[in-house]
Amino acid sequence: MRKSGRIRIAALKVDMQQSQLVLCQTPTRGWVNLAYARQIQFRKIHIHMSWQFACHITWSNGNSQTFFGKDAEAIAQTLKRISPK
């Protein structure tokens, strides 16, 4: 059975007139503003003969980007920190 997590970022949708930032510093890709994310998916994937944690982000403009390993973990920690409890 394959487990995958999907987190919708309804709480992070931003009115474009506001200049709200949800910044996350990734170890290898620099700063990412998660306020522009439409959807964020986390899962473990099998790559290079090992399992890696991955994060796939679909941005508000329709583009998508995938982060792996420590970058994906940094994004997950940022979302956990800002999520309402």
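Is Cys24 buried or exposed, and what is its relative accessible area? In this predicted model, Cys24 is buried, at a relative accessible area of 1%. The close-up views described below concern the two cysteines Cys24 and Cys55 and the aromatic pair of Phe42 and Phe53.

**View A. Surroundings of Cys24 and Cys55 in the predicted model.** The structure contains zero disulfides. For Cys24, the closest cysteine sulfur belongs to Cys55 and lies 8.7 Å away, which is too far for a bond. A disulfide would require the two sulfur atoms to be within 2.5 Å. Cys55 likewise takes part in no disulfide, its nearest cysteine sulfur being that of Cys24.

**View B. Burial of the two cysteine side chains.** Cys24 has a relative accessible area of 1%, and the value for Cys55 is 0%. Both values fall in the buried class, because buried means under 20% relative accessible area.

**View C. The aromatic pair of Phe42 and Phe53.** One aromatic pair is present in the structure. The rings of Phe42 and Phe53 are stacked, with 5.5 Å from centre to centre and 5° between the planes. The pair links distant parts of the chain, as Phe42 belongs to strand β4 (residues 37-47) and Phe53 to strand β5 (residues 50-59), with the two residues 11 residues apart.

**View D. Accessibility of the paired rings' residues, Phe42 and Phe53.** Phe42 is buried, with a relative accessible area of 8%. Phe53, by contrast, is partly exposed, with a relative accessible area of 23%.

Technical notes
Residues numbered from 1 in each chain as written. Predicted model: local features only at pLDDT ≥ 70, side-chain atom pairs only at ≥ 80, totals over all residues. Heavy atoms only, no water. Buried < 20%, exposed > 50% of the residue type's maximum accessible area, 1.4 Å probe, protein only. Phe/Tyr/Trp six-rings, centres within 6.5 Å; stacked < 30°, edge-to-face > 60°. Helix = DSSP H or I, 4+ residues; strand = E, 2+ residues; numbered from the N terminus.
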